[in-house]
Structures are given as C-alpha cells and as structure tokens.
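Work through the exercises below with the model open. Try each task before reading its solution.

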Amino acid sequence: MDSMDLSSEKSPYQVVARRYRPQEFDQLIGQESIAKALSNAIETGRVGHAYLFTGARGVGKTSSARIFAKALDCVHGPTSRPCNECEICKSIGTGDDVDVIEIDGASNRGIGEMLRICQNASIRPSRARFKIYIIDEVHMLTKEAFNALLKTLEEPPEHVKFIFCTTEPNQIPITILSRCQRFDFAGIDARSISKRLEQILEKEGAQFEKGVCEVLARRANGSMRDAQSLLEQLLALAPENVRLSDVHQMLGTVDEQKIFDILAAIDTNRPDQIFTITNQAADLGVDFAVLTEQIMGVFRDLMVVESGCDVDMLLYSPMARFEEMKKIAKTFGIQRILASLQILEQTIQRMRYSTQVRLLAELALIRLVHLDRLKDLDRWIQALRSGQELPASPARPAVSAAGASAIPAPQMRNDQEKQLSMSEALAASLRVSAEKKNDSSGKIGPDPVFTPPVQKEEKALSPTPIENPVADLPQENDNRLSLDELNNAQMKEIWMLVIQELGGMFKLNGSVCSEIEIKKPDQIHILFPQDCFMAKDFCEKNLHHLLSALSQKIGGSIHLELGLMKSEEKEENKAPVYRSKRELMREAFANPMVKNIADLFEAELYDVRENGR
C-alpha cells in the first residue's frame with residue numbers, strides 16, 4: 001500500500017521560469033558574447049579564480065554561473081559543453097551539489113559568514129574538480145565582510161573559484177572589483193524574449209493569438225524571468241487558448257487600436273474623443289498609470305521614426321504599423337513629439353504621489369491636443385529672424401517681424417487704455433506743467449499730455465551698451481516729452497514708472513534712489529544713498545536697458561550718471577550720541593535696501609550693531 005502511494009504521487013510542479021532555465025551556454029538568450037567568452041576561457045585553459053556577473057534582474061546571471069560551474073566540474077570536463085547527465089551536472093542544476101555552494105549575500109552578509117568561507121576554502125572538494133562559491137546579491141555584504149574576503153579572493157587555493165552576482169555593482173568596493181573578471185549582462189531585446197515565449201507556449205501545447213508574446217515581451221523590459229513569470233500567470237488565466245484580450249485584462253493595459261485612436265484624436269483636435277476613450281478604458285479596469293506609460297512608449301517610437309530610423313528601432317509599437325506611424329510622425333513634427341514626451345514623463349512622475357491618476361492622465365492628453373501649434377514654431381522663428389511676415393492662423397493674426405500687427409482696433413484700444421491707466425498719475429501732473437508752458441509762451445497748440453506709445457512686439461535685449469537708443473526708435477512717435485519740459489519731481493515720477501514697468505531686479509534696485517536731478521538739457525543725475533551701493537552697481541551694469549526704457553518716454557538724446565550721495569560731515573567738537581538698540585533697529589527698518597532685501601528673501605532683521613559697538 002505504501003509503495004503504491006509513493007509511486008502514485010505526482011512530482012511537485014515547477015514554474016515556467018525554472019522548467020525552461022538554460023542548461024548550456026548555447027541556450028543563453030541575449031548574452032551570446034558572454035557565453036562565447038566563458039566557453040573560450042574553458043577551451044583555452046584561461047579560467048580565472050574570481051568572476052563578477054552584473055546586470056538587471058532576470059537576464060541570466062545566476063544561470064550563467066551554474067552553467068560555468070557545470071562546465072568546470074563535469075565528469076567529462078572541463079568542457080564548454082557539460083553533459084547535463086552525470087550526477088554532478090544534475091545536482092549543480094538543482095543547486096544541491098556539495099562542492100558548488102550557492103550563498104545568498106542578503107542573508108549571509110556579516111564578517112562571521114565570510115570568515116567561515118575563507119576557512120572552508122582550504123579544504124579540498126569532496127568529489128568534484130573545483131570547489132565553487134556562487135554568492136548572489138554580493139553587494140549586500142558589509143564592509144567588514146568584504147575586507148575579510150580580500151586576501152582569500154586575491155590568492156585562493158588552486159581548487160577554489162568565486163563567482164559573484166549582483167544588480168548594483170557600484171556598491172561593491174573597488175578592492176573587490178579589481179580582483180575579479182567582470183562581465184556586464186545587458187537587457188534582452190523584446191524580439192528575442194518574444195521568440196522564446198513562443199517556443200515555450202508551443203511546448204506547453206497552448207494556442208495563442210498573434211501578438212500575445214510581443215506584448216508580454218515589451219512589458220518585461222528586457223528581463224527574461226519577468227516575461228516567463230507573466231506567461232505563467234497568463235497560462236493560469238487561459239491555459240488552452242491565449243487571446244490578446246486576456247493579456248490586456250491581466251496587465252491592465254489597452255489594446256494597440258485604442259492607443260492609435262488616442263493619437264488620431266490628438267491629431268484631429270478632438271478632446272471629446274479623448275474623454276470617450278478614457279471612459280471606455282475605465283470601464284475595462286485599465287490602470288491609467290500603465291496607460292500613460294503605453295502612450296509615452298508610442299511617442300518614443302514616433303520620435304525614432306521622425307528621426308529617420310528603421311523599423312528595427314521600434315520598442316513599444318507593433319512593426320506592422322510602421323507605415324502608419326511614419327504618417328503620424330510627419331503630421332506631428334519633432335517639436336510636438338518632444339513636447340508631448342516631456343508632458344507624459346512629468347505626468348508619470350506626478351502619478352506616483354497622487355490618488356487622482358485618471359484626472360492626471362486626462363489632463364496630460366488634453367494638453368497634448370493643444371500642442372498643435374508647435375509644429376509651426378520653427379517657421380515662425382525663421383520668419384522673425386528674416387524680417388518676413390508671420391503666417392496667419394485661426395488662433396492668431398498675422399504679425400510682421402518689424403512689429404506691425406494686424407490686431408483688431410478694439411483690442412488695440414484696450415491695450416492703450418491699459419497703458420494709460422498705468423501712468424494716470426504721471427499724465428495728470430505733466431498736463432499741469434504743459435498748460436503753464438503754453439500760457440507763458442502765448443502759443444496755441446495741442447495739449448502735450450503724456451501718452452505712452454502702444455507697446456510693440458518685444459525683441460531680445462542686446463548685450464552691447466546703447467549710447468543713444470533714441471536713434472533706433474520710430475521718428476513718428478511724437479507724443480514723447482522733452483527734458484526741457486520736465487522738472488526734477490516729474491523726472492523722478494517717470495523714473496519710478498519705468499522701473500515699475502521693467503519689474504524684477506530693476507524695481508528692487510531702482511526704487512531705492514533718493515534724488516534725481518536734471519543737470520543739463522540732456523543729462524540726468526541719479527543719486528543713491530551711501531549704503532545702497534549694490535543697487536547703484538546693478539543699475540550701472542544694466543544702464544543700456546534703462547536708457548532704452550527711458551527713451552520711450554522722453555525725446556532727445558539722454559545721458560545718465562549714477563552716483564552715491566555724500567555723507568554729512570560730523571562736527572569735530574560734538575560728542576558721539578549713544579543710541580539704543582531699539583533706535584538702531586528702527587533706523588535699519590527705515591532703510592529702503594533693508595526693506596527690499598527682507599521682502600525679496602522673506603527674511604527678518606536679527607541684529608543691528610553700530611560702528612565701535
């Protein structure tokens with residue numbers, strides 16, 4: 001009865017990744033160069049004493065280490081083609097051989113474990129040719145454990161070989177790296193993974209639709225083990241007939257047709273179609289983070305296609321749609337594709353810290369719809385540089401590079417009213433002085449009320465100093481004022497208006513000036529307080545910008561001179577007055593430079609000290 005029960009027991013089930021694990025160098029997929037190097041080392045007798053296998057997860061590091069150990073210890077070896085039939089090869093394949101010790105670096109990471117390895121290394125193997133230590137995730141060892149291993153690793157006994165496997169070689173000390181032969185395992189391309197999955201499905205006797213293995217391979221991101229794990233899960237869902245719908249249901253993705261429907265909606269400027277597709281995806285239980293990654297992958301392929309690459313460079317799109325993708329890429333243009341990739345990448349980053357992933361996905365897709373004008377950006381820039389008229393579009397009127405615009409009259413009037421409202425106080429004060437001047441001269445003429453000119457299209461500021469920027473302005477601008485019509489108070493009001501319009505650091509530094517004086521018909525002196533020398537230096541460095549802005553308000557040639565106010569001389573016989581800490585703080589708060597610094601950096605005044613105290 002007992003013997004019958006034992007014979008009737010089924011062997012334990014092994015997952016696909018273990019059952020179809022490579023057993024020879026020829027079965028290593030995507031690592032042909034490494035397999036050839038290890039085989040040649042065995043054939044030529046140039047086998048080292050320590051090897052380091054690095055690479056991402058599931059690319060064949062541990063499998064290569066086992067194959068290498070079998071090739072060295074096989075009864076017919078050392079040979080590049082182990083028999084896989086002797087007891088040693090079988091036990092190494094299952095990880096049970098007494099002379100091939102596999103160690104997990106994460107759970108045996110201390111100095112004690114490494115000392116035991118060094119002590120046991122001197123003992124000869126029990127039955128095999130070499131005693132081989134395979135340490136997986138070796139980067140998890142402590143610094144002390146690495147140091148304990150150094151001497152044995154550099155000069156091990158002749159019968160000892162070390163094989164280290166890791167996914168993070170940058171965490172391994174350089175002293176260990178210099179004692180090992182390093183092999184970097186690259187990620188496996190999707191076509192090789194897809195071909196291997198098809199072979200496995202055929203051996204399993206399962207029927208599958210075309211494209212199933214391709215979708216799994218793209219999702220694996222270069223890891224054969226991840227792809228086989230996904231296939232194992234898929235066979236549990238549909239053991240006999242695997243369909244594409246089953247794959248998308250398991251992965252939480254959408255089929256390729258919906259992705260291209262989204263591209264069509266973006267191309268035709270149909271945001272309503274975007275919401276229809278996303279609503280259908282939500283009904284199917286699609287993960288919107290995965291959907292965004294799918295769309296980003298397709299835009300990556302569009303970038304490759306628009307750059308002139310061949311069909312072999314596609315990673316996330318089916319090769320059968322290559323011609324369709326060429327048309328889409330040509331319609332979008334490289335600028336729009338690059339901007340779309342940036343939007344999608346930022347959206348994926350934000351999704352990691354948000355619970356509103358659907359909202360973020362829809363927001364990104366609608367932003368992609370409104371990128372249609374980017375394809376004309378290069379053409380507009382070239383037109384501006386060459387002085388030609390910009391092409392008109394439904395969203396914007398034609399504008400010439402010289403600044404003349406075809407803006408409708410009501411809109412232009414609104415812009416003028418906005419400019420007038422910004423300088424209303426200055427215009428009122430100037431009107432009074434202009435009327436007085438007309439009365440004293442006895443001439444009757446138009447009221448010279450200051451009216452700022454209509455702003456034209458901004459141009460890039462020249463880095464070279466401008467000696468007389470008025471000469472470059474249109475001569476028909478007759479509503480500018482002359483210096484002989486202004487007094488010092490009015491000139492200061494114009495100065496404050498100019499720095500307000502320039503904004504930024506101009507507003508911060510220009511507002512601290514304490515006195516403005518018109519010395520000559522074409523010369524203006526601007527004085528800053530003694531402790532505001534940094535504001536004066538900034539204005540001097542950007543003098544040509546200030547001259548250009550002032551010349552739009554004042555006619556004629558303008559020269560600016562910047563300086564610091566002279567400090568008052570102290571009386572010789574007057575004793576110094578002691579001021580309290582509170583008085584010093586109050587005086588510091590009244591300083592305009594301190595105020596501006598506090599506002600700019602949101603800082604608080606901590607301490608004030610007078611000279612000598």
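**Exercise 1. A salt bridge between two loops**

Task: Find the distance, N to O, at which the side chains of Asp-97 and Arg-127 meet in a salt bridge.

Solution. Step 1: the side chains of Asp-97 and Arg-127 form a salt bridge at 2.8 Å, N to O. The term means a side-chain nitrogen of Lys or Arg within 4 Å of a carboxyl oxygen of Asp or Glu.

Step 2: place the partners. Asp-97 lies in the loop between helix H5 (87–94) and strand E2 (100–104). Arg-127 lies in the loop between helix H6 (111–120) and strand E3 (131–136). They are 30 residues apart, so the pair links distant parts of the chain. Helices (H or I, at least four residues) and strands (E, at least two) are DSSP runs, numbered from the N terminus.

Step 3: check burial. Asp-97 is buried, at 5% relative accessible area. Arg-127 is partly exposed, at 38%. Buried means under 20% relative accessible area, exposed over 50%, and partly exposed in between (1.4 Å probe, protein chains only).

Step 4: look for a network. Glu-87, Asp-97 and Arg-127 are linked by salt bridges.

A note on the model. It is predicted: local features need pLDDT of at least 70, side-chain atom pairs count only at pLDDT 80 or more, and totals for chains, interfaces and linings use all residues. Residues are numbered from 1 along each chain as its sequence is written, and side-chain values use heavy atoms, with hydrogens and water left out.

**Exercise 2. Further salt bridges**

Task: Find the residue with which Glu-154 forms a salt bridge. Then count the salt bridges.

Solution. Step 1: the partner is Arg-179, with the closest N and O atoms 3.1 Å apart. Glu-154 sits in helix H7 (residues 143–154). Arg-179 sits in the loop between helix H8 (174–177) and strand E5 (181–185), 25 residues apart from Glu-154.

Step 2: Glu-154 is partly exposed at 38% relative accessibility. Arg-179 is partly exposed at 22%.

Step 3: add another pair. Arg-300 and Asp-301 form a salt bridge, with the closest N and O atoms 2.9 Å apart. Asp-301 is buried, at 0% relative accessibility.

Step 4: the count comes to 19 salt bridges.

**Exercise 3. Two helix pairs**

Task: At what angle do the axes of H13 and H15 cross? Repeat for H17 and H18.

Solution. Step 1: the axes of H13 (residues 256–267) and H15 (residues 288–306) come within 10 Å and cross at roughly 70 degrees. Axes are lines fitted to C-alpha atoms, for helices over the stretch in contact, and angles run from 0 to 180 degrees between N-to-C directions. H13 and H15 are therefore roughly perpendicular. Angles under 35 degrees count as roughly parallel, over 145 as roughly antiparallel, 65 to 115 as roughly perpendicular and the rest as oblique.

Step 2: list the contact (heavy atoms within 4.5 Å). Ile-259, Ile-262, Leu-263 and Ile-266 in H13 meet H15 residues including Leu-291, Val-298 and Phe-299. The residues of this contact divide into nine nonpolar, one polar and no charged. Ala, Val, Leu, Ile, Met, Phe, Trp, Tyr, Cys and Pro count as nonpolar, Asp, Glu, Lys and Arg as charged, and the others, Gly among them, as polar.

Step 3: turn to H17 (residues 334–351) and H18 (residues 357–369). Their axes come within 10 Å and cross at roughly 170 degrees. H17 and H18 are therefore roughly antiparallel. Their contact has 10 nonpolar, two polar and three charged residues.
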